[in-house]
Amino acid sequence: MEVNYVSLHYKEYGDTNALLLVFIHGGGVSGWMWDRQIDHFTNYHCLVPGLAEHGGNRGDLFSINESADQIAGLIAKKREGEDCYCYRFFFRSSSVNCYA
């Protein structure tokens, strides 16, 4: 999906009509780090975006601000105006906060 003119790789799981949960990985890993958690949230709509320079987004340069904008754009396209919860993992200072 293109968000803010950049291709954002993500995986989508669960019930698309349920509450949206967004799982954001930290530096040095990718969306795979959430696999075990996703298995327990099948009754929710789960999105696992891949940040730039990680996983399937190897060609893009990482920026916290750009990553936050991309994730916010993805949420808006999927569930604009609805509640969602974001879970993040960060290592050192690489983190993206997400508010809906």
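Begin by selecting Y44, which sits in the loop that connects α1 (35-38) to β5 (45-49). The model on display is a predicted one. Y44 counts as partly exposed because its relative accessibility is 32%, and partly exposed residues lie between the limits of 20% and 50%.

Next, add L19, Y85 and Y87 to the selection. Together with Y44, these residues make a nonpolar surface patch of about 360 Å².

**Strand β4**

Move now to residues 20-24, which form strand β4. Of the 5 residues in this strand, 5 are buried. Colour the two sides separately: L20, V22 and I24 belong to one face, while L21 and F23 belong to the other. Both faces of β4 are covered, and the residues on each are all buried. As background to this division, side chains in a regular strand alternate between the two faces of the sheet.

**The partners of β4**

Keep β4 visible and display β5 beside it. The two strands pair in the parallel sense, with 3 bridges between them. To find one point of contact, select L20 and look across to H45 of β5, which stands opposite.

Then display β6, residues 84-88. This strand also runs parallel to β4, to which it is joined by 5 bridges. Select V22 to see one such pairing: its bridge partner in β6 is C86.

**The cysteines**

From C86, turn to C84 and show the sulfur atoms. Why is there no bond between C84 and its closest cysteine sulfur? The closest cysteine sulfur to that of C84 is in C86, at 4.2 Å, which is too far for a bond; a disulfide requires the sulfur atoms to be within 2.5 Å. The structure as a whole holds 0 disulfides.

C84 is itself buried, since its relative accessible area is 11%. Select C46 as well: with a relative accessibility of 1%, this cysteine counts as buried. Both values fall under the 20% limit for burial.

**Helix α2**

Finally, select residues 64-79, the 16 residues of helix α2. How far does the helix reach from its first C-alpha to its last? The span is 22 Å, close to the 22 Å expected at 1.5 Å a residue. Within α2, highlight the buried positions S67, Q70, I71, G73, L74, I75 and R79.

The tour ends at G81, located just after α2, where the backbone takes a positive phi of about 80°.

Note on methods
Residues numbered from 1 in each chain as written. Predicted model: local features only at pLDDT ≥ 70, side-chain atom pairs only at ≥ 80, totals over all residues. Heavy atoms only, no water. Patch = residues over 30% accessible without salt bridge, like charges linked within 9 Å, V, L, I, M, F, W, Y side chains within 5 Å. Areas by Shrake-Rupley, 256 points an atom, 1.4 Å probe, with all protein chains shown as cover. Salt bridge = Lys/Arg side-chain N within 4 Å of Asp/Glu carboxyl O. Helix = DSSP H or I, 4+ residues; strand = E, 2+ residues; numbered from the N terminus. Buried < 20%, exposed > 50% of the residue type's maximum accessible area, 1.4 Å probe, protein only. Pairing = 2+ DSSP bridges. Expected span 1.5 Å × (residues − 1).
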